[in-house]
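Visitor: Mind walking me through this one? I'd like to hear about the domains and the ligand site.

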Amino acid sequence: MEAVVVDMGSKYLKAGFAIPDQPPSLMIPTQMKHVAQDEKSHFLPTEVKTVDPVVRGFVNDWDAIEDLLHHVLYSGLGWEIGNEGQILFTDPLCTPKAIRERLVQMMFETFNISGLYASEQAVLSLYAVGRISGCTVDIGHGKTDIAAVIEGAVQHIASKRFEIGGIDLTKLFAQELLKANPKVNLDIAEAERLKEKYSRCAEDEIAYEKTNQCKIEKHILPDGQMIKIGRERYTVGEALYQPSMLGLEAYGIVEQLVRCISTVSSENHRQLLESTVLCGGTVSMSGFEDRFQKEANLCSSAVRPSLVLSPEYMPENLSKYSAWIGGAILAKVVFPQNQHITKGDYDETGPSIVHRKCF
Ligand SMILES: Nc1ncnc2c1ncn2[C@@H]1O[C@H](COP(=O)(O)OP(=O)(O)OP(=O)(O)O)[C@@H](O)[C@H]1O
Ligand SMILES: [Mg+2]
C-alpha cells in the first residue's frame with residue numbers, strides 16, 4: 001500500500017496516496033461541526049458549532065483533528081482498521097516541538113499506523129519544482145512563511161513566519177466592501193468566495209493609486225442582495241505589498257524576502273534568491289506573481305529574487321498544493337529506504353524520536 005501524505009492547512013486539508021505527479025485526491029476544509037444533542041430534544045441537534053482545529057498553521061484542537069483524520073484516512077482514503085499504513089505529514093515553519101510530538105503520539109497510539117515521517121513544507125515545495133535549494137514564500141490562509149533552504153535543510157536564521165494570511169485578507173475585503181455597501185449583509189464565508197473570485201493585484205503602486213476609477217462590478221449574492229465591488233478588489237492584493245493597509249508596520253512581501261535572505265552569508269544569496277518559489281492558495285490571486293516579479297526587478301540588492309516556474313509535467317495550480325506534492329515525492333524515498341519512524345522506533349524511544357529521525 002502507498003504511503004498517505006497529509007498537509008493540514010488552516011483552511012484546507014490536502015490528503016492522498018503518494019502519487020507525485022497528481023494533485024492530492026482529497027482537498028477538504030480543515031473544519032469539523034460539533035453537534036450538541038440532549039435527551040429532552042429526543043437527540044435531535046440542538047446546537048451546531050463549527051470548529052477550526054488548525055489555526056495559523058498549527059493544530060490547536062486535538063479531539064477535532066483526530067476526528068477529521070479518522071474521517072480522511074478510513075472513509076476518504078479507504079484504510080482499514082487493523083491494517084493502517086504509513087503516513088507523511090508536512091510541517092509549517094517553526095512548528096513547536098510539542099505539536100510534532102503530540103501528532104506522532106496520536107498517530108502511533110490512536111491510529112496504530114505502521115510508519116511516519118514529517119518534513120518541512122518549505123523543503124517539500126522546493127522538491128515539487130525539482131530543487132533542493134532556494135527560497136519559498138508560502139502565503140496560505142493563516143500564515144505566511146518565508147524560508148531559505150540549502151540542500152534540503154531550512155536555514156532557520158534566514159526564515160521567518162508572519163501571522164498574516166488569506167483569512168486576514170478576507171476580513172479586510174469584507175470590511176472594505178461593507179464601507180462601500182453599508183446596507184448589505186455579508187457573512188465571512190461569502191466574503192471569502194468573493195475575494196477568491198474578484199480580488200487581484202495591481203501592477204504596481206502607481207497603478208493601485210489609479211484604481212479609484214476602476215470599473216464597478218455588480219454581484220448578486222445567493223440571497224438576492226446586490227453588492228458593488230470596486231477598488232476593494234485591488235486593496236486586498238495591495239495589502240501584501242503595503243502591509244500598513246492591514247494596520248501592520250511591516251515591509252512588503254518582496255522586501256521581507258530580501259531582508260530574510262540577507263542574514264545568510266552573501267555567497268549563498270544568488271543560489272537562494274534566484275530560485276524563489278511562490279506557494280499557498282493566496283498567491284493564486286490574479287496578478288500576484290507579476291507584481292512580485294516586477295517589484296523583485298526593482299530591488300536595490302545585489303541579487304534580485306527571480307521565480308521558478310512550475311515544471312510542465314506537474315499538475316495545474318501547483319502552488320495550491322506544492323507542499324503536498326513534495327511530500328509525495330519524499331514519501332517515495334523515505335519509506336522504501338526505511339528512513340521513517342517505525343512502530344518499533346516509537347515503542348523504544350517515544351514521541352521525541354520525531355526530532356531525531358525527521359528533519
Ligand atoms: N484566487 C484566489 N485569490 C485570493 N485568495 C485565494 C485564491 N484562491 C485561494 N485563495 C486563498 O488561499 C487560502 C488557502 O490557501 P492554502 O490552502 O494554501 O491555505 P492552508 O494551507 O489551508 O493554510 P496555512 O498554510 O496558512 O495553514 C484561503 O485564504 C483562500 O481564500
Ligand atoms: Mg498551507
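Here is a short chat about how the domains meet and what surrounds the ligand.

Visitor: Which residue ranges make up domain 2 in the assignment?
Guide: Bear in mind that we're looking at a predicted model. The assignment splits the protein chain into domain 1 (4-126 + 316-358), domain 2 and domain 3 (166-245). For domain 2, the ranges are 130-164 + 249-298.

Visitor: How many residues does domain 2 put into its contact with domain 1?
Guide: Taken over C-alpha atoms, the centres of domain 1 and domain 2 sit 25 Å apart. Counting pairs with C-beta atoms within 7 Å, domain 1 brings 20 residues to the contact, and domain 2 brings 24 residues.

Visitor: Which element gives the most to the side of domain 1 that touches domain 2?
Guide: Two elements give two or more residues there, α11 (322-334) and α3 (121-128). By type, that side divides into eight nonpolar, eight polar and four charged residues. The top contributor, with five residues, is α3.

Visitor: Now the ligand: which residues come nearest to ligand 1?
Guide: The shell around ligand 1 holds 21 residues, with a C-beta cut-off of 6 Å. Nearest among those 21 are G9, S10, G140, G166 and G281.

Visitor: And which element gives the most to the shell around ligand 1?
Guide: Here the elements with two or more residues are α4 (166-180) and α5 (188-198). With three residues, the one that gives the most is α5.

Visitor: How many residues of that shell around ligand 1 are polar?
Guide: Glycine counts as polar in this scheme. Three of the shell residues are nonpolar and five are charged, while the polar ones number 13.

Key: Residues numbered from 1 in each chain as written. Chains lettered and ligands numbered in written order. Predicted model: local features only at pLDDT ≥ 70, side-chain atom pairs only at ≥ 80, totals over all residues. Domains from an automatic or database assignment. Contact = placed C-beta atoms within 7 Å. Helix = DSSP H or I, 4+ residues; strand = E, 2+ residues; numbered from the N terminus.
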